[in-house]
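Here's a quick walk through a protein and its bound ligand. Have a look at the structure first, then read on.

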Amino acid sequence: MSIHKEQIRSALSYVIHPKYEKDLISLDLIQDLITQEKFVSFTLELPRKDDALAALLKRECVAAIHKYADAEAVLDITVGINISRQKELEGDQPDEPKKEEPKAQEPILSGVKHVIAVASGKGGVGKSTVAANLAVALAHAGARVGLLDTDIYGPSVPTMFGVTERPNITTQKKLVPIEKHGVHLISMGFLVDTDQAMVWRGPMVTSAVKQFMQEVEWGELDYLILDLPPGTGDIQLTIVQTVPLTGAVIVSTPQEVALDDVRKGVAMFQKVNVPVLGVIENMSYFVPEDMPEKKYYIFGKHGARNLATRLDVPFLGEVPIREAIRETSDSGTPIVAASPSSPSAIGLKEIANRVHQMLALIDKESEGKSKVEIKIRP
Ligand SMILES: Nc1ncnc2c1ncn2[C@@H]1O[C@H](COP(=O)(O)OP(=O)(O)OP(=O)(O)O)[C@@H](O)[C@H]1O
Ligand SMILES: [Mg+2]
């Protein structure tokens, strides 16, 4: 059920400003309130800068909304300073001497060793299929793995992992990822009706993703894989700038129209200084189920592989078009879990292993501080 603005206003009337000894609603300090399904966004307007007070009030707002309005609310609170309200709220008091306080920064994903984005310039190339199978392959190899489906307009994780339940919430009001096939999962699709999310504006999407970084109990993970929405627009750019990414993997199909978008993807990550771990070519060739020895290069041969060479980024491997890959994804068990010894699963596991190797190289580089060349061409 969608949260109403009135529920939020009523919850915030329990939050008392310690200095003015009145609640935030009576003081008219809540502006730009937006609610959409479980998402709530507003500005807490303070008459002067006070980071400690702002942090305290933000915490109390979150607690009050979760207690009195909706325990699953996803919040985005901005603090705004409106000095024109000083006189009205405080009378003619002289300004307190300003002292620079260090910004209290909540550590983002402090228990996660590597955050990897799975991106594509073009939609429908199999990004979510690859992300899901990479996650399962890394988990089966013994790593602790999380998968965050950031595609709010078309979340795939609920279908691909067969999740119908909602995540639990800890006493600290954090969402607990749902574990399936060894992977810790969070998807906007667990919380929001996708038809509703279609009308979300870009800033709401990016702040919801930010929220998933801070308000999900990810725990200790070796890898957190981010399934990005398709494209290289503002939403993707904001997400990759918000999250401390170790690297990005770009998925493409072999044909020329898709390859143009790979260039854009590589350029986007280079612009924000995120290493491109490599390109994965999906739907490289068709293998008929009854003639597994045949390969038909429907979309052209080695397009993404050749482009990776031209762009001087690693090529991580190719995945054929197989009915079994689609079927297993549609029925809630990615092929690496459903049929681990099939050729497709073995290929995907090899790709996961290459990603793992790339990250080991990056770790080595940051330990030794010497530049390590990362190039793998199978
Ligand atoms: N190698 C493959 N063989 C057969 N079917 C595949 C393969 N890869 C993906 N598919 C199917 O193609 C469809 C699109 O894949 P997927 O949802 O992974 O793409 P996407 O890039 O994440 O899409 P979007 O841009 O909408 O997020 C799905 O039905 C999926 O099962
Ligand atoms: Mg997808």
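What follows covers the ligand site, the nonpolar cores and a few single residues.

One thing to keep in mind: this is a predicted model.

**Ligand site**

Let's start with ligand 1, which has 19 residues around it. G124, K127, S128, T129 and P320 are the closest of them. By type, the shell splits into eight nonpolar, seven polar and four charged residues. Where do the polar contacts to ligand oxygens come from? The table lists three of them, with one backbone partner and two side-chain partners.

| Protein partner | Ligand 1 partner | Distance |
|---|---|---|
| V125, polar backbone atom | oxygen atom | 3.1 Å |
| S128, polar side-chain atom | oxygen atom | 2.8 Å |
| D151, polar side-chain atom | oxygen atom | 3.4 Å |

On its own, ligand 1 has 630 Å² of accessible area, and the protein covers 79% of that. Four elements each give two or more residues to the shell: the helices α4 (127–140) and α11 (323–330), plus the strands β12 (276–286) and β13 (315–321).

**Nonpolar cores**

Moving inside, the largest nonpolar core counts 88 residues. Which members touch the most others? That would be F161, I225, L226 and F269. Helix α4 turns up again here, since its nine residues are the largest share of this core. F269 is a good place to zoom in: beyond its neighbours within four places in sequence, F269 is in contact with A117, A119, L228, V240, L245, A248, I250, V274 and V276. There's also a second, separate core of 27 residues, with L24, L46, L57 and A64 among them.

**A serine to look at**

S344 sits in helix α13, which spans residues 343–368. Is S344 buried or exposed? With a relative accessible area of 5%, it's buried, because the cut-off for that is under 20%. Setting aside residues up to four places away in sequence, S344 touches P320, R322, I325 and I335. P320 is also one of the closest residues to ligand 1.

**Two positive phi values**

Most residues other than glycine have a negative phi. E37 goes the other way, with phi near 50 degrees. E37 lies in the loop between β3 (30–36) and β4 (39–46), and at 12% relative accessibility it counts as buried. H181 also has a positive phi, near 50 degrees, and belongs to the loop between β8 (178–180) and β9 (183–187). H181 is partly exposed, with a relative accessible area of 26%.

Technical notes:
Residues are numbered from 1 along each chain as its sequence is written. Chains are lettered from A and ligands numbered from 1 in the order in which they are written. This is a predicted model: local features need pLDDT of at least 70, side-chain atom pairs count only at pLDDT 80 or more; totals for chains, interfaces and linings use all residues. Side-chain values use heavy atoms; hydrogens and water are left out. A residue is near a molecule or strand if one of its heavy atoms lies within 4 Å of it. A polar contact is a pair of N or O atoms within 3.5 Å; within protein, one must be able to donate a hydrogen and the other to accept it, and residues adjacent in sequence count only if both atoms are side-chain atoms. Accessible areas come from the Shrake-Rupley method with a 1.4 Å probe; for residues, only the protein chains shown count as cover. Ala, Val, Leu, Ile, Met, Phe, Trp, Tyr, Cys and Pro count as nonpolar, Asp, Glu, Lys and Arg as charged, and the others, Gly among them, as polar. A nonpolar core is a set of buried Ala, Val, Leu, Ile, Met, Phe, Trp, Tyr and Cys residues joined through side-chain atoms within 4.5 Å. Buried means under 20% relative accessible area, exposed over 50%, partly exposed in between (1.4 Å probe, protein chains only). Contact means heavy atoms within 4.5 Å.
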